[in-house]
Amino acid sequence: MKRLVLLSMLLWHAPSWASPSIDLELNYADTDRAMRFSGRAASVKVGGGGLNLNVPLWDYGTFTAGYGYGYSPSESASFLSVTASGSAESDYSYFAYEKAFELSDEWQVAPFWSRKSYDLNGWLYGDFRGAELVVNAKSTITFEDVGLKIYYDFRPSVSVYAGASRLKWSLDSAATGTLATGLTASTKVSANDSTTRFSFGVETLISAFPLQLEYSQASLSSDVKVMMRQLTASVELVRF
């Protein structure tokens, strides 16, 4: 009898397990103008689509890991006072953790951490004084957030949230240009800083599929301040 009582107590206090899920995510971020560092310009224009694996850790929050790919058929950059244009592709990795705490039936507060890193590679073409110019541009852009979200449930199938986070960002960009004559030149830009990012989102159901839409913005510092805006949409594909 004592063993049955002890077993029932262990089961009663055991943390609950929620099912892992896979989401399809689409994201795009851009700045209102190019960032400038000591006369050199670098643009922040990233995005793509990928899959996220969400793993609930019992009552301790949810961990997310994701990977995605992006392609842009029309990109341009200034190099040797020449505008070169072409295509670029990127891939990104994504990791996040979030834990929600209930304040009432309608309100929740959720501390969160996330890190998304983009690796971009593009081949651009232009003309420099009658000679063909080929530019290989590579960039690594990383965003890491630590912050808090506040959720409000309108009804069981619709909730909205607002968030604020401390955003640490870094940019490493390099470009190498080669003329048809064989002359080669290169330039590099590296920068990092921290700022505040604000986000607003909605979570709902579309034909029984959970959907999340989020808009965020942050001011990034360079020789000139720029505003970065990001849109993210994710829909649950499968739950195990």
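**Notes on the surface patch, the voids and the salt bridges**

1. Let's start on the outside. Leu-24, Leu-26, Leu-51, Leu-53, Leu-237, Val-238 and Phe-240 make a nonpolar surface patch of about 620 Å². Please keep in mind as you read on that this is a predicted model.

2. Where does the patch sit along the chain? Strand 1 (21-31), strand 4 (45-56) and strand 13 (226-239) each supply at least two of the patch residues. Phe-240, for its part, lies in the segment after strand 13. With a relative accessible area of 56%, Phe-240 is exposed, because exposed means over 50%.

3. Now to the open spaces. The second largest pocket has a volume of about 860 Å³. Its lining takes in 38 residues, and those nearest the centre of the pocket are Ser-43, Ser-76, Ala-77, Ala-137 and Ser-139.

4. Which elements build that lining? At least two residues each come from strand 3 (40-42), strand 4, strand 5 (62-79), strand 6 (82-98), strand 8 (107-128), strand 9 (131-155), strand 10 (158-179) and strand 11 (184-206). Strand 5 gives the largest share, with eight residues. Strand 4 is worth a second look, since this strand supplies at least two residues of the nonpolar patch and at least two of the lining of the second largest pocket.

5. If you are thinking about the chemistry of this pocket, its lining is mixed: 18 residues are nonpolar, 13 polar and seven charged.

6. On to the enclosed space. The count comes to one cavity of 30 Å³ or more, and the largest cavity has a volume of about 40 Å³. Around the largest cavity you will find Met-35, Val-44, Ile-141, Phe-143, Trp-169, Ser-170, Leu-171 and Leu-220. Strand 9 and strand 10 are the elements that give two or more residues to this lining, and the largest share, three residues, is from strand 10.

7. How does the lining of the largest cavity divide by class? Seven of its residues are nonpolar, one is polar and none is charged. For the second largest pocket, by contrast, seven charged residues belong to the lining.

8. The charged side chains deserve their own point. There are five salt bridges in the structure. In one of them, Asp-145 and Arg-197 meet at 2.6 Å, N to O. This pair links distant parts of the chain, with Asp-145 in strand 9 and Arg-197 in strand 11, 52 residues apart. Both Asp-145 and Arg-197 are buried.

9. Another salt bridge joins the side chains of Lys-149 and Glu-214, at 3.9 Å from N to O. Here too the pair links distant parts of the chain: Lys-149 is in strand 9 and Glu-214 in strand 12 (residues 209-220), 65 residues apart. Lys-149 and Glu-214 are both buried. You may want to view them together with Glu-98, since Glu-98, Lys-149 and Glu-214 are linked in a network of salt bridges. If you check the N to O distance of 3.9 Å, note that the cut-off for a salt bridge is 4 Å.

10. Last, a pair from the end of the chain discussed in point 2. Are Arg-239 and Glu-236 buried, partly exposed or exposed? Their side chains meet in a salt bridge at 2.8 Å, N to O. Arg-239 counts as partly exposed because its relative accessibility is 45%, whereas Glu-236 is buried because its relative accessible area is 14%.

Technical notes: Residues numbered from 1 in each chain as written. Predicted model: local features only at pLDDT ≥ 70, side-chain atom pairs only at ≥ 80, totals over all residues. Heavy atoms only, no water. Patch = residues over 30% accessible without salt bridge, like charges linked within 9 Å, V, L, I, M, F, W, Y side chains within 5 Å. Areas by Shrake-Rupley, 256 points an atom, 1.4 Å probe, with all protein chains shown as cover. Helix = DSSP H or I, 4+ residues; strand = E, 2+ residues; numbered from the N terminus. Buried < 20%, exposed > 50% of the residue type's maximum accessible area, 1.4 Å probe, protein only. 1 Å grid on protein atoms, 1.4 Å probe; cavity = no way out; pocket = protein on both sides within 12 Å on 5 of 7 lines; lining within 4 Å. Points joined across faces, edges and corners; volume = space filled by probe spheres on them. Nonpolar A, V, L, I, M, F, W, Y, C, P; charged D, E, K, R; others polar.
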